[in-house]
Amino acid sequence: MKIITNFEDFAEIMSVMSVDVLKHKVMKLDKDDIFEIVILGKANCQFCEKAKTKTKILQDKGVLENVVYCDVLNIGVDREDIIHIMSESLNKRVKTLPQILLKPSQGDIYYLVGGYTDLEALLS
């Protein structure tokens, strides 16, 4: 699992976000079509830890190729600024973490999956 520890890497992911795709289309992707999953979380969050654990198990089994984790409150930027950036990029008010993104095998754009329960449904 790659860990993002700086704002520049976080901003790079946010800059290639798309919320244009319908969520049900993302949820119908086959696991083989997923190149990378990004977990935007925070320390001491049980659902962030569950998402990390679930993706790590699948990565160890070879089901997922790349998993990236970013503790958004620990990258050197004020909390309110991070929430604003995430809300703007995701085109929704971010109230909870984790926010989970995926990049399909074919493409360079990250798509919003949702929260932990959405991730669980996608990977089940």
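## Met-86 and its surroundings in a predicted model

Leaving aside neighbours within four places in sequence, Met-86 is in contact with Phe-10, Met-14, Leu-40, Val-72, Asn-91, Val-94, Leu-97 and Gln-99. The model examined here is a predicted one, and this residue offers a convenient way into it. Several of the partners of Met-86 return below, each in its own setting.

Met-86 belongs to the largest nonpolar core, which has 21 residues. Together with Met-86, the residues with the most contacts inside this core are Phe-10, Met-14, Leu-40, Val-72 and Leu-101. Two or more residues of the core come from each of helix 1 (7-15), strand 3 (34-41), strand 4 (66-71), helix 4 (79-90) and strand 6 (110-114). Apart from this core lies another, made of 15 residues, including Ile-34, Ile-39, Tyr-116 and Leu-123. In soluble globular proteins, nonpolar side chains tend to be buried together.

A step back to the whole chain helps to place these groups. The protein chain has five helices and six strands, and from the N terminus on its elements follow the order β-α-β-α-β-α-β-α-β-β-α. Of the 124 residues in the chain, 43% are buried. Among contacts with a separation of 6 or more, 73% join residues that are 24 or more positions apart.

Cys-70 gives a local example of such a link across the sequence. This residue is placed in strand 4. Cys-70 counts as buried because its relative accessibility is 0%, below the cut-off of 20%. Not counting residues up to four places away in sequence, Cys-70 touches Ile-4, Phe-10, Ile-39, Leu-40, Gly-41 and Ile-75. Phe-10 and Leu-40, in this list of Cys-70 contacts, are also among the partners of Met-86. As for Gly-41, 29 residues separate it from Cys-70 in sequence, while the two C-alpha atoms are 6.1 Å apart in space.

The largest pocket comes next. Its volume is about 160 Å³, and its lining consists of Lys-2, Ile-4, Asp-9, Glu-12, Ile-13, Val-16, Glu-36, Val-68, Lys-103 and Tyr-110. Strand 1 (2-4) and helix 1 are the elements that give two or more residues to this lining. The largest share, three residues, comes from helix 1, an element that also gives two or more residues to the largest nonpolar core. By class, the lining of the pocket has five nonpolar and five charged residues, with no polar ones. Ile-4, one of the lining residues, is also touched by Cys-70.

Charged side chains also pair up elsewhere in the model. The structure holds two salt bridges. Side chains of opposite charge can pair when their charged atoms come close. One salt bridge joins Glu-49 to Lys-52, with 3.4 Å between the closest N and O atoms. Both of these residues lie in helix 3 (residues 46-60), where they are three residues apart, about one turn of the helix. Glu-49 is partly exposed, at a relative accessible area of 36%. The other salt bridge is formed by the side chains of Lys-56 and Asp-60, at 2.8 Å from N to O. Lys-56 and Asp-60 are separated by about one helical turn because they stand four residues apart in helix 3. Lys-56 is partly exposed, with a relative accessible area of 37%, whereas Asp-60 is exposed, with 55%.

Some features of the backbone complete the picture. Most residues other than glycine have a negative phi, and most peptide bonds are trans. Against that background, the peptide bond from Leu-97 to Pro-98 is cis, with omega near 5 degrees. Pro-98 lies in the loop between helix 4 and strand 5 (99-104). Asn-91 is placed in the loop between helix 4 and strand 5 too, and its phi is near 60 degrees, a positive value in a residue other than glycine. Asn-91 is exposed, at a relative accessible area of 61%. Both Asn-91 and Leu-97 are in contact with Met-86, which brings the account back to its starting point.

Asn-44 likewise has a positive phi, near 60 degrees, without being a glycine. This residue sits in the loop between strand 3 and helix 3. Asn-44 counts as exposed because its relative accessibility is 79%, over the cut-off of 50%.

Terms used: Residues numbered from 1 in each chain as written. Predicted model: local features only at pLDDT ≥ 70, side-chain atom pairs only at ≥ 80, totals over all residues. Heavy atoms only, no water. Salt bridge = Lys/Arg side-chain N within 4 Å of Asp/Glu carboxyl O. Buried < 20%, exposed > 50% of the residue type's maximum accessible area, 1.4 Å probe, protein only. Core = buried A, V, L, I, M, F, W, Y, C linked by side-chain atoms within 4.5 Å. Contact = heavy atoms within 4.5 Å. 1 Å grid on protein atoms, 1.4 Å probe; cavity = no way out; pocket = protein on both sides within 12 Å on 5 of 7 lines; lining within 4 Å. Points joined across faces, edges and corners; volume = space filled by probe spheres on them. Nonpolar A, V, L, I, M, F, W, Y, C, P; charged D, E, K, R; others polar.
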